[in-house]
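Trainee: Could we go through this protein together, with the reasons behind the words people use for it?
Mentor: Happy to! Let's take a look.

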Amino acid sequence: MYEEQKKLVQQQAQTKAQMARYEDELARKRMQAEHEAQRGLNSELVKMQEESSMRQEQLRRQTEEQIQAQRRQTDRERAEIERETIRVRVMAEAEGRAHEAKLAEEVNRRMLIERAGLEKDKWLSAINTTFDHIGGGLRAVLTDRDKLVATVGGLTALAAGVYTTREGARVVWAYIDRILGQPSLIRESSRGKYPWSKWISYKSLKSLFGKKAAQEAMKEGRGFGDVILHPALHKRIQHLAASTANTKAHQAPFRNMLFYGPPGTGKTMAAKELSMQSGLDYALMTGGDVAPLGSQAVTKIHELFNWAGKSRKGLLLFIDEADAFLCERNSNVMSEAQRSALNALLYRTGDQSRDIVLVLATNRPSDLDSAVADRIDEVLEFPLPGEDERVKLLSLYLEKYIAQAGTKKKGWKSLFRGQQDKIEVKNITEDVIREAARKMDGFSGREIAKTMASVQGAVYGSKQSVLDADLFREVIDYKVAEHQQRKIIAAEGG
């Protein structure tokens with residue numbers, strides 16, 4: 001019985017505990033339901049408050065827009081009234097000025113008529129007096145034989161003196177030009193045509209004072225101006241410029257170079273910068289100028305090298321289109337005069353020079369004579385620009401032809417040729433430029449420059465001087481199609 005009673009007590013205790021837990025669970029659920037209801041009520045209240053705030057904000061905006069519209073309408077009416085007032089005042093002033101000008105014109109016309117009459121009488125009197133004196137003098141000369149002979153002899157002596165002086169000055173100047181002047185084969189040079197040219201030439205003075213800044217720019221990798229080269233080629237030219245400068249400083253023989261690659265890849269401009277950074281004078285000649293000289297070609301070649309050897313700083317002689325007269329001597333198309341000119345150049349470049357750096361540029365290096373190739377110490381290839389170089393070139397010429405258009409100060413020349421309009425650039429981002437660079441695969445630096453010049457022409461051909469992305473893409477697509485067509489024509493011709 002005790003055990004049964006004990007079990008009964010335990011069961012009752014368990015039952016009470018379960019009832020307590022159940023009641024606790026019910027209380028928690030009831031409280032949770034009350035919290036959920038309260039949270040929903042709060043959410044509804046917040047939503048209603050937000051809607052009320054939005055309606056108030058909308059009403060405020062509408063009110064403000066109405067106020068702004070009324071203000072704009074008032075401003076327009078006020079501006080219209082001011083314009084009408086200004087127009088009336090301007091018309092009144094213009095009418096007053098026109099009336100005054102008409103009166104002044106009438107007065108001036110009468111004064112001019114009177115002055116013209118006085119001038120006419122004065123000049124008629126002077127002409128009559130002059131002809132009377134001339135007629136009397138001529139009669140005296142013609143009637144007196146001694147005076148006639150003296151007059152004719154004096155005029156003859158004067159004419160002979162003028163002719164002799166002119167021809168003598170021409171002969172003397174030709175001699176000075178032959179001794180001190182620049183050879184006729186040189187198309188461009190930093191030395192100037194005469195020894196005193198560098199002291200009176202603005203470009204020479206500019207290059208003289210800007211040389212240090214240019215050398216610093218070369219050291220920092222930005223010394224090639226409009227020439228954008230592959231980084232490896234850029235580094236190679238920097239090294240050659242430094243080594244050439246050190247060679248001159250140590251009185252060692254110079255090294256000749258060959259630049260080859262497609263047209264428009266910056267060979268000429270790179271040679272100019274190379275001469276500037278190495279501290280040498282620069283001279284340019286073209287191989288196509290040698291053939292027309294005929295038998296005089298050998299003499300001109302020797303004059304050229306004699307002139308180049310007189311440079312105190314050393315001279316970089318750049319021969320563009322070198323294959324035009326330095327081609328293989330076994331070629332059937334080569335004349336005897338060209339062969340003699342080639343032999344003269346080979347004779348003058350037989351030994352390593354301490355005065356002249358010879359830089360040859362050609363699109364076909366295989367056509368050069370083997371003896372010419374033997375005199376080359378450094379060979380640099382100028383390939384077509386890659387995508388990164390094309391992006392840099394497009395950015396460079398976009399700044400040069402578009403952004404800087406119309407920003408130069410007006411000078412006296414603008415009075416005759418007009419002032420260039422300033423171009424507004426819109427939406428030409430880096431992505432647009434890179435997209436154009438991808439399309440222009442196979443373009444040379446010169447073709448990119450011409451393309452940007454075409455973009456400038458298209459802008460000035462439009463109604464407004466504005467360049468946007470659509471016009472930019474249109475011109476680029478047109479030039480790319482033109483480039484492809486040119487390649488097809490060249491292939492068919494080949």
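Trainee: Let me start with the lining of the largest cavity: what classes of residue does it have?
Mentor: By class there are 4 nonpolar, no polar and 3 charged residues in that lining. Keep in mind that this is a predicted model.

Trainee: Which residues are they?
Mentor: The largest cavity is lined by Val-432, Glu-435, Ala-436, Lys-439, Phe-472, Arg-473 and Ile-476. Helix H13 (430-439) and helix H15 (469-493) are the elements that each give two or more of these residues, and H13 has the largest share, with 4 residues.

Trainee: Why are Glu-435, Lys-439 and Arg-473 in that lining called charged?
Mentor: Glu, Lys and Arg count as charged by class, and Glu-435, Lys-439 and Arg-473 are in the lining, so they fall in the charged class.

Trainee: What makes this space a cavity, and how much space lies in it?
Mentor: A cavity is a place where a 1.4 Å probe fits but cannot get out. About 30 Å³ of space lies in the largest cavity, and the count comes to 1 cavity of 30 Å³ or more.

Trainee: And why is the other space, the second largest pocket, called a pocket?
Mentor: The word pocket is used because the set of points is open, with protein on both sides. The second largest pocket holds about 520 Å³ of space. Of its 30 lining residues, Gly-264, Thr-265, Gly-266, Lys-267 and Arg-446 are the closest to its centre.

Trainee: Which element supplies the largest share of that lining?
Mentor: Helix H7 does, with 4 residues. By class, the lining of this pocket has 14 nonpolar, 9 polar and 7 charged residues.

Trainee: How do you know that strands S3 and S4 pair?
Mentor: Pairing needs at least two bridges. Strand S3 (residues 281-286) and strand S4 (residues 315-320) are joined by 6 bridges, so they pair. The two strands run parallel, and Met-285 has Ile-319 in S4 as its bridge partner.

Trainee: What makes S1 and S6 edge strands?
Mentor: The open sheet of 6 strands has the order S1-S3-S4-S5-S2-S6. Strand S1 (188-189) and strand S6 (378-381) each pair on one side only.

Trainee: Which strands does helix H8 lie across?
Mentor: Helix H8 (residues 297-309) lies across S1, S3, S4 and S5, and runs at about 150° to S4.

Definitions and conventions: Residues numbered from 1 in each chain as written. Predicted model: local features only at pLDDT ≥ 70, side-chain atom pairs only at ≥ 80, totals over all residues. Heavy atoms only, no water. Contact = heavy atoms within 4.5 Å. Axes fitted to C-alpha atoms, helices over the stretch in contact; angles between N-to-C directions. 1 Å grid on protein atoms, 1.4 Å probe; cavity = no way out; pocket = protein on both sides within 12 Å on 5 of 7 lines; lining within 4 Å. Points joined across faces, edges and corners; volume = space filled by probe spheres on them.
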